Each structure stands twice: as structure tokens, then as C-alpha cells.
Amino acid sequence: MAKSVSTFTCTACGATHKKWAGRCDACGAWNTITEEAPLSQGPGRSLGAAKGRAVPLSGLATEEPPPPRSHSGLAELDRVLGGGLVPGSAVLVGGDPGIGKSTLLLQGAAAFARAGLSAVYISGEEASAQVRMRAGRLGLTDSPVRLGAETNLRNILTTLDREKPDLAIIDSVQTLWADHVEAAPGSVAQVRAAAHELVTFAKRSGVAIVIVGHVTKDGQIAGPRVVEHMVDTVLYFEGERGHQFRILRSVKNRFGPADEIGVFEMTGAGLAEVANPSALFLSERGQPVPGSAVFAGIEGTRPVLTEVQALVAPSTLASPRRTVVGLDSGRVSTIIAVLEARCGIPFAGLDVFLNVAGGMRVNEPAADLAIAGALLSAREDSALPPEAVLFGEISLSGALRPVAQAENRLKEAQKLGFSQAILPEGQKVEGLGGMGVTRIADLTGFVGEVFGA
Ligand code: TYD
Ligand code: MG
């Protein structure tokens, strides 16, 4: 028999290590590695004749049509799910504590219930009375959603097995306790075991299960990343503290496109859908100011315009500050290096602050040109043309590379009143529909064209 040895798992990213270390090599977090007892083997099973046998792919097609997706009627939620909820699927919703996950899912459950699904909301964090109070605040007291307050996994599965709802929401996975695992609730072993049982149950019963997971900062509690690989769909609920906007983003979806976003606004009476996020993210723009560039982006299947803001100021520090919010800081450093090396525009001795307005996160390489535009505009203290949007990827040589879905980006820009676009020279665009276009071959050309240098 194989010797059973403990494994060491990082609670932040889920990486496993052979031995304990103070810092996780995989994600760089400190003090997040915990020791896990080996999983018990369980009784060996002999599968029935029909089980575990492979069947030809072509033989499957005629057996059963794919089950229909259910729509909640909340367009932002349905789109992020890939066009509705798939029966028997397992969905993970992660996010910082207090960002609004419970609010979103209670509203979601009520919306699905209104659409005719039977929905159960099981909270391991709040008593049913507290959930009912929240429902009152959200105006959902008449909703047919059934509530439960339970943390024991066995009890939860028994209840779900008996009730056979169409949708079950489990809030949160860190509070669950599987009695066959000897570890504290919230540990990697418990969280994994609970998620595994729930996912298996979903597949077997056809009940769609939504699992809530708190993103954790300390190493004692396992975060949602340790179960990402088990579920069909991974959604993250994001937002900046101090902003009322919340973004639900799909980072993995077996049943739809990843990187799809749904935009919500947190109000006194719960989350309200934001149907036109571009207008919202640009709404704070006033007079043209140096350091502002409008990026025509694509999030999933939808074009979204955002404003990239930069501030460049003389630094008193030996190594100047680079503060980046809502953008990839590695990407920003690369663009600054390209501006220095290829265009001879130094940023040494200057503090750089970059930010995406409205608490939005932008991950597309197509945002490179807008980032460079905002940086240059701030540094030169000269505003970009206010009626122009920008997009394009910057290579290390300083050349601009074309990006996908240019037509959709331009259409959205035009809809919002922009009449000009600055884009890569090699970009193919069909039907500009009255947009003025400035084509740029490389960053040096961009500096000359826009800042006349
Ligand atoms: P919650 O859904 O409990 O967060 P999570 O489950 O992710 O921990 O949301 C908590 C925050 O949302 C809290 O700070 C109060 C705010 N909130 C509103 O602003 N309006 C509302 O109608 C509700 C229910 C919550
Ligand atoms: Mg909660």
C-alpha cells in the first residue's frame, strides 16, 4: 500500500507543495501554506456494467437534446452565465467579503423563482431571520425562494435530495462542514471536500448549484481559487471600495464566453442593473483634461468604453512611485519602458499614477495605446482630442498591432458621440460609418501625430 503523506497547500492559490515554506512559489503570498492530512481512500467500488463505459461521441447526439437554459430576467446576470443558467451546472461566485455576493444571489434566486424555477437559498453565515430581513430591504419578502440556515454538508445534501429544487445557492463554501473530513471549516481540505460533494450532487441530480466563496487575505481560510477547477463556471464579483459600481465577471465558463461582464450599482435597496456601462464609466468626464484617454474596449461579447486617467508628477523619491489601479501594472511598466527606449521620452524622476475611472478593471492588451496616450498626455500636459477613442496593442519594438473586433468598438464609440478614432495602421475596419480615423504605425508616429513632437 502506498505510504500516505501529508501535502502542503497554499490557501490563496491552491498550489500544492512537497514541503512547508513561508512563501508560496506559485503566487508569492506569505504564510498561506497549510498542511493537509491525506484524504482517506474510501471503500473501493466496482462499477456496474453500464457505468464508466465509454460510448461513441456520435451515439450521444440523438439521445437527448441539451436541456434548455433558464433565464432570470436580470439581463446582466443571464449574460454573464453565458445566456442563462444551465441545469445541473455548478457555478462558483467569488469576491471580497462585503462586496455584495449574498445580495446578488438572493436577488438572483428571487428572479429565477419569479421565472418559474424552484430555488433554495442556504446560508451558513446568517440565520434565516437575517436573510429574511435582507429580503425585506430588497423588496423580496413575497418571493417563493425557500431559505435554510445550515453548515453541515450531509444535512444540506439530504435536504436538496428531498426537495429537488431547480437551483440551490450555498452561501458560503467556507462555512461548510463535511463530517467525514477531519479538518476545521474553511480549511483547504474541508472547502475542497464540500465543493466536490456539491458538484457531484449537481451533476447527478440536475440541480444547478451556485457556491459562494469569499476571497481571503489571511492564510487560515481557503479562498475560492482552490475549487475553481471543480466547477463549470467561475464568476467574480468585483468593485472598488468607495464606488457603488459592481462588476460580475466570468473568468471561466464551460457554457459560454469567458470575460463576459455584468454591471450593477449598489443602492439602498440592493443591486440595480446598469444596462449601458459605457455611458456610466464616462459619465464623470467634464472638460478635456491632460492625462485622460478614452479606451474602446471589449468585455466578453460586449463593447465597453472606459476612461484611462494618468497623473505624472516630479518625484522626491529615489525610486519613483508607480501606482496603478484597474490595469495590469506589469503591462504599464512595459509601456513606460517602450516610451523611454523607443521614443526617448524619460519617466525617470517622475511619479506615475494610473487609474481606470469608475472602479472598472481592464485586462485587454488592446488598452496599450490608451495607456500610452494617457501617460503622454499627462507628461506633456496636453489634452488628447476629446472626441477621440483609442485602441491598439503596443509591441516591444514600439510598433502598433491590430486588435480584434474593431467594428464593434467603433460602433459603440459612435453611439456615445465620439467622432474620431486613433488606431493601429494595420487595423482592418469595414464600414467606418462616418468615424474619422487616424492610423498610427508606431509609438513615435503617435507622439508626432498627437502631440506634434
Ligand atoms: P453582502 O451581500 O452581505 O456582501 P457579501 O455577501 O459579499 O459579504 O453586502 C454587504 C454590503 O452591501 C454591505 O456593506 C451593505 C451593502 N448593501 C447595500 O448597500 N444595499 C443593500 O440593499 C444591501 C442588502 C446591502
Ligand atoms: Mg455574504
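**Warm-up.** Which residue in S9 is the bridge partner of valine 93?

*Solution.* It's leucine 235. Before going on, some ground rules: this is a predicted model, where local features need pLDDT of at least 70, side-chain atom pairs count only at pLDDT 80 or more, and totals for chains, interfaces and linings use all residues. Residues are numbered from 1 along each chain as its sequence is written, while chains are lettered from A and ligands numbered from 1 in the order in which they are written.

**Exercise 1.** Work out the overall build of the protein chain.

*Solution.*
- Step 1: take stock of the secondary structure, which comes to eleven helices and 21 strands. Both are DSSP runs numbered from the N terminus: helices are H or I with at least four residues, strands are E with at least two.
- Step 2: check the radius of gyration, taken over C-alpha atoms, against the globule rule of 2.2 Å times the number of residues to the power 0.38. For 453 residues a compact globule would come out near 22 Å, and the chain's 25 Å agrees with that.
- Step 3: look at the extent; the C-alpha trace spans about 75 × 50 × 50 Å along its principal axes.
- Step 4: see how much is covered. A residue is buried if 20 or more other C-beta atoms lie within 10 Å of its own, exposed if 12 or fewer, and partly exposed in between, with C-beta atoms placed from the backbone. By that count, 43% of the 453 residues are buried.
- Step 5: ask how far along the chain contacts reach, a contact being two residues whose C-beta atoms, placed from the backbone, lie within 7 Å. Of the contacts between residues at least 6 apart in sequence, 66% join residues at least 24 apart.

**Exercise 2.** Trace the nine-strand sheet and find its edges.

*Solution.*
- Step 1: two strands pair if DSSP finds at least two bridges between them. The open sheet then reads S6-S5-S7-S8-S4-S9-S10-S11-S12, with mixed pairing.
- Step 2: S6 (146-149) and S12 (270-273) each have a single partner strand, so one side of each has no neighbour in the sheet. From one strand to the next, the twist averages 25°.
- Step 3: pick out an antiparallel pair. S10 (residues 245-253) and S11 (residues 261-267) are joined by five bridges, and isoleucine 247 has valine 263 in S11 as its bridge partner.
- Step 4: add the helices. Angles run from 0 to 180 degrees between N-to-C directions, with axes as lines fitted to C-alpha atoms, for helices over the stretch in contact. H3 lies across S4, S5, S7, S8, S9 and S12, at about 165° to S7. H4 lies across S5 and S6, at about 140° to S6.

**Exercise 3.** Place S4 and phenylalanine 237 in that sheet.

*Solution.*
- Step 1: six of the six residues of S4 are buried. Ala90, Leu92 and Gly94 point one way, with Val91, Val93 and Gly95 pointing the other way.
- Step 2: S4 pairs in the parallel sense with S8 over six bridges, where alanine 90 stands opposite isoleucine 209. S4 also pairs with S9 in the parallel sense, over five bridges.
- Step 3: phenylalanine 237 lies in S9 and is buried, because 24 other C-beta atoms lie within 10 Å.
- Step 4: skip neighbours within four places in sequence, and the contacts of phenylalanine 237 include Val93 and Gly95, Gly100 and Lys101, plus Arg246 and Leu248.

**Exercise 4.** Describe what surrounds ligand 1.

*Solution.*
- Step 1: a residue is near a molecule or strand if its C-beta atom, placed from the backbone, lies within 6 Å of it. Of the 15 residues around ligand 1, Gly100, Lys101, Ser102, Thr103 and Gly270 come nearest.
- Step 2: H3 (101-114) and H4 (128-137) are the elements giving two or more residues to this shell, and H3 has the largest share with three.
- Step 3: sort by class. Ala, Val, Leu, Ile, Met, Phe, Trp, Tyr, Cys and Pro count as nonpolar, Asp, Glu, Lys and Arg as charged, and the others, Gly among them, as polar. The shell has five nonpolar, seven polar and three charged residues.

**Exercise 5.** Now do the seven-strand sheet.

*Solution.*
- Step 1: this open sheet runs S15-S16-S14-S13-S17-S20-S21, again with mixed pairing. S15 (322-325) and S21 (436-440) are the edge strands, each pairing on one side only.
- Step 2: S17 (residues 388-390) and S20 (residues 420-424) run parallel, joined by three bridges; alanine 388 stands opposite glutamine 420.
- Step 3: H10 (residues 406-415) lies across S13, S14, S17 and S20, at about 125° to S13.
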